[in-house]
Amino acid sequence: MSPMGIRLSPLGVIIFCLLGLGVIYHLYSGVIANRIASFRQAKTVDLRELLALSVEAAVLGGQEVKRIREENALHEKSKGKTREGAKEMLTTGDLFSHRKMFNLIRNTFPNLQVNSEEHDDASVHETSVWNHVIPEDIRNTISESREVPTESITVWIDPLDATQEYTEDLRQYVTTMVCVAVDGVPVIGVIHKPFSAYTAWALVDGGSNIKARTSYNEKSPQIIVSRSHAGKVKAFAQKAFGNDTVIIPAGGAGYKVLSLLDIPDEKHEKADVYIHVTYIKKWDICAGNALLKALGGHMTTLKGEEIDYAGSEANEGGLVASINMNHKALVDKLPNM
């Protein structure tokens, strides 16, 4: 006899087991279906689908970033120091956004190489998968699918760009970003601003929902730079463009790229050129590079070299970014570091 005087018949045990299996299937059927599909279609991925998935991931991550900031539940700590000696902060917002973004992409396309700024050691299994519905704005802009080999793809995600500013409650600088590179070349860029719910996206040679501004000051450009070493870049920029060069200190690489473009936010600062003179990680800059590339702009090292988004996470050569300007002439003006 079983405990409490309850006797389970063999039929009851079978029914109980079947119910349990049904619950498990219900919870994980999406993941299972996507993994089966990935094995069937492992050789190629549709870039239009990957763009839609990237937008969804950035928005879901942004919702976590916003929620945790508004609940004041950051639980911030230092995860080390940058090469310049500044603290590199980590918050609950970074981790929760990472879980949403990373797992959504990996559950949907398990064979993709996904590189994230954060790494979550906790045994948290997100079962969310993308529903493969392409939003109307993407369908209307990009009418055709484009298949590329899965093995050629590297995905870079930044679950929370401008973490330092996030801890200081400087919300305007914060973004979540996803980039897709094919053979090291950035082709999809998504930058999402969680606190204004604005998302910029682009597919190189496909289309975008953002555009360049109508004019830029090429002779005396306003230079946007990192808040953490604005003085160093100011001296660098003044050698190139003169002592009256206007320097705009700002947080977040995503914010800085958007400052070069025409976005529907009058409070977002406007710059002509984005310069970074030190080491920077590729998940910080890949999405912005893809956006600019899709619009005919450029992001290169300070020497004018294209940045390779395969392999190592490090970009050692600094960067200069511009659009609707003579980028080569701009690079030629820059002094040697």
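Here a biologist and a modeller talk through two sheets, an aromatic pair and a cavity.

Biologist: Glad to join you! What kind of model is this, and how are residues numbered?
Modeller: This is a predicted model, where local features need pLDDT of at least 70, side-chain atom pairs count only at pLDDT 80 or more, and totals for chains, interfaces and linings use all residues. Side-chain values use heavy atoms, with hydrogens and water left out, and residues are numbered from 1 along each chain as its sequence is written.

Biologist: Which strands stand at the edges of the open sheet 13-12-15-19-17?
Modeller: Strands are DSSP runs of E with at least two residues, helices are runs of H or I with at least four, and both are numbered from the N terminus. Two strands pair if DSSP finds at least two bridges between them, and the pairing in this sheet of 5 strands is mixed. Two of the strands have a single partner each, so one side of each is left without a neighbour in the sheet: strand 13 (247-250) and strand 17 (298-300).

Biologist: What is the bridge partner of T300 in strand 19?
Modeller: Strand 17 and strand 19 (residues 319-322) run antiparallel and are joined by 3 bridges. In strand 19, T300 has as its partner V320.

Biologist: Lovely! At about what angle does helix 8 run to strand 17?
Modeller: Axes are lines fitted to C-alpha atoms, for helices over the stretch in contact (heavy atoms within 4.5 Å). Angles run from 0 to 180 degrees between N-to-C directions. Helix 8 (residues 282-294) lies across strand 17 and strand 19, and its angle to strand 17 is about 140°.

Biologist: Why does the pair of W156 and W283 count as tilted?
Modeller: Rings of Phe, Tyr and Trp (its six-membered ring) pair if their centres lie within 6.5 Å; planes under 30 degrees apart are stacked, over 60 edge-to-face and the rest tilted. The centres of these two rings are 6.1 Å apart, and the pair is tilted because the planes stand at 55°.

Biologist: How far apart in sequence are the parts that this pair ties together?
Modeller: W156 lies in strand 6 (residues 153-161), while W283 belongs to helix 8. The pair therefore links parts whose separation in sequence is 127 residues.

Biologist: Which are the edge strands of the other open sheet, 4-6-7-8-9-10?
Modeller: This sheet has 6 strands with mixed pairing. Inside the order, strand 6 is joined to strand 7 (residues 175-182) by 7 bridges, running antiparallel. Pairing on one side only marks the edges, strand 4 (113-116) and strand 10 (207-208).

Biologist: And at about what angle does helix 3 run to strand 6?
Modeller: Helix 3 (residues 92-108) lies across strand 4, strand 6 and strand 7. Its angle to strand 6 is about 155°.
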